[in-house]
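Reader: I would like a close look at one part of this model, the interior. Please take the enclosed space and its surroundings together.

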Amino acid sequence: MRSSDLLPALARAGRLGAREYLVEYPSRILLGAVLPRALLQVVFLTMLGRAVGGADGALAAGLGASAFNIVSATVIKAPDVLINERVQGTLYRLRMTELPLAALVAARWVVYAAEGLTTALLAVPVVALLTGRTEPLTDLPTTLPLYLLMALTTSGFGLALAVVAVGRRADVFLTNFGSYLVLAFSGVLAALPTSGPRALAGAVLPITHGIAALRAVQHGAGAGQVLRLAATEALVGLGWALAAVLGLRIQAYRLRRSGNDFLI
């Protein structure tokens, strides 16, 4: 396919992905279930932070919780974009198109990243209300690119999990386990220690450095520190995205040899 035809084709795939998403999650589900769950999760985690660390702990946990909202969309739900094709026996059709499989999946993934970004941003006023602090709102023009970045980095992580799940009948376990890893080791509730196993695990997981950047903005840190944290977050996301692309290539090679997508 010519490069001039690639973007229009991916745009069509993205639109079809959005329509498919709205069939599965119509407005009544989004407003009656998805959004309330996301906001209540932020309330719970913010109150938990207050119970453990007082007012400062509430703000730290609230910022982490707002970012963690993205994970529900991009790590738990979005992998179905790829996994459902295997379940329905149509994955081979995607591999036969002229579009790169990773790009096609990414185009259909955009709507889930948009959901995650939206729920994260809608949580910011909740955090401000619960903590009595206006900074989460007034700093939103600065932190908005960080939330967008985390929507991308968690998407790379979610796609990598989806690639692994395609070869195993454990997609629900893998995606939920991935979200639990992020919750446990990415410093959602409080800053991670600077050394030790938790710090090492968090360093390679998405949103770890993004949340640290959010908190740095709230603490009035310089632009250099925030940019360094954002750059590290971007590198983590890029690493997961590259792992996902490599995994798709390995799967295609294994499929040609074994005739199926499953690991034997």
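Author: Start with the walls. Helix 7 and helix 10 each supply at least two residues of the lining of the largest cavity. This is a predicted model. The lining residues are Leu63, Val124, Pro136, Thr143, Tyr147, Leu214 and Gln218. By class, five are nonpolar and two are polar. No charged residue takes part in this lining.

Now the space itself. The volume of the largest cavity is about 30 Å³. The structure holds one cavity of 30 Å³ or more.

Next, the packing. The largest nonpolar core has 36 residues. Leu146, Tyr147, Met150 and Ile207 have the most contacts inside this core. Five helices each give at least two residues to the core: helix 2 (27–77), helix 5 (101–131), helix 7 (140–166), helix 10 (208–218) and helix 11 (223–258). Helix 2 provides the largest share, ten residues.

Tyr147 ties the two topics together. Tyr147 lines the largest cavity, and Tyr147 is also among the core residues with the most contacts.

Then take Leu146. Leaving out residues up to four places away in sequence, Leu146 touches Ala213, Leu214, Val217, Val226 and Ala230. One of these, Leu214, is also a lining residue of the largest cavity.

A further core lies apart from the largest one. This other core has 26 residues, including Val81, Leu101, Leu104 and Val163.

Note on methods
Residues numbered from 1 in each chain as written. Predicted model: local features only at pLDDT ≥ 70, side-chain atom pairs only at ≥ 80, totals over all residues. Heavy atoms only, no water. Core = buried A, V, L, I, M, F, W, Y, C linked by side-chain atoms within 4.5 Å. Buried < 20%, exposed > 50% of the residue type's maximum accessible area, 1.4 Å probe, protein only. Helix = DSSP H or I, 4+ residues; strand = E, 2+ residues; numbered from the N terminus. Contact = heavy atoms within 4.5 Å. 1 Å grid on protein atoms, 1.4 Å probe; cavity = no way out; pocket = protein on both sides within 12 Å on 5 of 7 lines; lining within 4 Å. Points joined across faces, edges and corners; volume = space filled by probe spheres on them. Nonpolar A, V, L, I, M, F, W, Y, C, P; charged D, E, K, R; others polar.
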